[in-house]
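Visitor: Could you pull up the model and walk me through how the chains meet?

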Amino acid sequence: MARLDVKPTRMELTKLRGRLSIATRGHKLLKDKQDELMRVFISKVRENQALRKQVEKDLHKSFQEFLLASAAMSPELLEQAVAYPKESISVDIKRENIMGVNAPVMDFIRKLEGDAGSIYPYGFVQTSSELDDAISKLYGIMDELLELAEIEKACQLMADEIEKTRRRVNALEFRTIPELEETIRFIVMKLDENERSTITRLMKVKDMIEADA
Amino acid sequence: MYKVAVVGDKNSILGFKALGIDAIPALDGDEARVAVDNLARQNYGIIFITEQMASLIPDTIERYNNQMIPAVILIPSNQGTLNIGLDRIRDNVEKAVGINIL
C-alpha cells in the first residue's frame, strides 16, 4: 500500500492521527448505514417482485377483457365511450426518509364527478358488457398499481444509494485507512530513528569530550 | 399535487383513459420519448409506460431512474409482458447486493 507523500514531522503525525480517527468513525457509520439500507432494501424488493407479478397478471386479464370489448364494439364507439372520463385521478407525493434516501409516499386522490357510485363514463345503450368488466377490473387494479409505483421507485433509489455507500465504505476500508496507518507507522519509525541517532551522537560527543579532558 | 399519465399504444391505454388517467398514445420510440420528456417537465408524478414502448427508449427511462419525481413505471401492454419490469427489479438487486438473491 502506498504511503502518503508527507514530511515525517510531529505536526504531520498529529494531523494524520486526527484524520485516521475521523476516517475510522466515518467508516463505521457508513457501514451501519449500508447494513440498515440493505436490510430494508431486501424486504422491499421482495415485496416489489411479488407485487409486480400480481399486477402484471391482473393487467393481463383486464387487457383480455378489453380485447373482447373492442371485438364486440366498433373502434369509434369504444373511443367515444371512454373519451370523457367521469373520474379524475391525481396523486399526492410526500417524501419519507429511509437512511438518507428520499423515498416517495404516494396517495391517490380520486375525484368522481356527478353521481357517485358508477365509475363508467358512458351510457349502457351502445356499449357491450365486456367493456364494463374490463373497466371495473382496471379500476380495481389502480390501487395496486399505485403501490407498485411507490415501492418500485423506492427500490430504485435505494439500490443507487446502496451502491454509492458501498463504494464509500470500500474506499475508506481498503484505501484511505490503510494508507493513513502506513504513513503514521512510517512517521513514527522515522521520528524514533531520529531520536536514536541524536542519542548516539550525544554519547559520541560526550566520549570525545571526556577523552580530551 | 401531481398528475398521472400513461404512455403506450392506443389499444393498451384506452382503458386507463376511462379511469381519468391522461393517456398519451405513442406509435414509435420517438413519439414515446417526446411524450415521456414532456410529461416529466409538466406536473406528472407517475408515468406508466408500456414495456413495448419502454424497450425502444431505454436511455430515456434510465434518465428518470434516480429522480424521485416522476416515477416511470413499466406495465405490460395488451400483447403481454416482455419481462422488462421484472428484469429491472433483478438489476436493482444485483446493483445493490452484487448477486441476484431473489
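**Where B meets A**

Guide: Sure. About 4300 Å² is buried between chain B and chain A, and carbon and sulfur atoms give 70% of that area. Buried area here is the accessible area (1.4 Å probe) that two parts lose on being put together, summed over both. In chain B, Leu19(B), Met68(B) and Lys95(B) lose the most area to chain A, together 17% of what that side buries.

Visitor: What kind of model is this, and what are the ground rules?

Guide: It's a predicted model: local features need pLDDT of at least 70, side-chain atom pairs count only at pLDDT 80 or more, and totals for chains, interfaces and linings use all residues. Residues are numbered from 1 along each chain as its sequence is written, chains are lettered from A and ligands numbered from 1 in the order in which they are written, and side-chain values use heavy atoms, with hydrogens and water left out.

Visitor: How many residues does the contact take from each chain?

Guide: The contact (heavy atoms within 4.5 Å) takes 47 residues from chain B and 53 residues from chain A.

Visitor: Which side chains make the salt bridge?

Guide: Lys95(B) and Asp160(A), at 2.5 Å, N to O. The count between the two chains is one salt bridge, meaning a side-chain nitrogen of Lys or Arg within 4 Å of a carboxyl oxygen of Asp or Glu.

Visitor: Do strands come into it? Which ones pair across the chains?

Guide: Strand β1 (residues 87–98) of chain A pairs with β1(B) in the antiparallel sense over two bridges. Strands are DSSP runs of E, at least two residues, and helices are runs of H or I, at least four, numbered from the N terminus; two strands pair if DSSP finds at least two bridges between them. Val91(A) stands opposite Tyr2(B).

Visitor: And β4(B), buried or exposed?

Guide: Mostly covered: five of its five residues are buried. Buried means under 20% relative accessible area, exposed over 50%, partly exposed in between (1.4 Å probe, protein chains only). Ala71(B), Ile73(B) and Ile75(B) point one way, Val72(B) and Leu74(B) the other. Five bridges join β4(B) to β3(B), running parallel, and Ile49(B) has Leu74(B) as its bridge partner.

Visitor: Switching topic: why does Ser12(B) count as buried?

Guide: Because its relative accessibility is 2%. Ser12(B) is found in helix α1 of chain B. Leaving aside neighbours within four places in sequence, Ser12(B) is in contact with Phe63(A), Thr50(B), Ser77(B) and Asn78(B).
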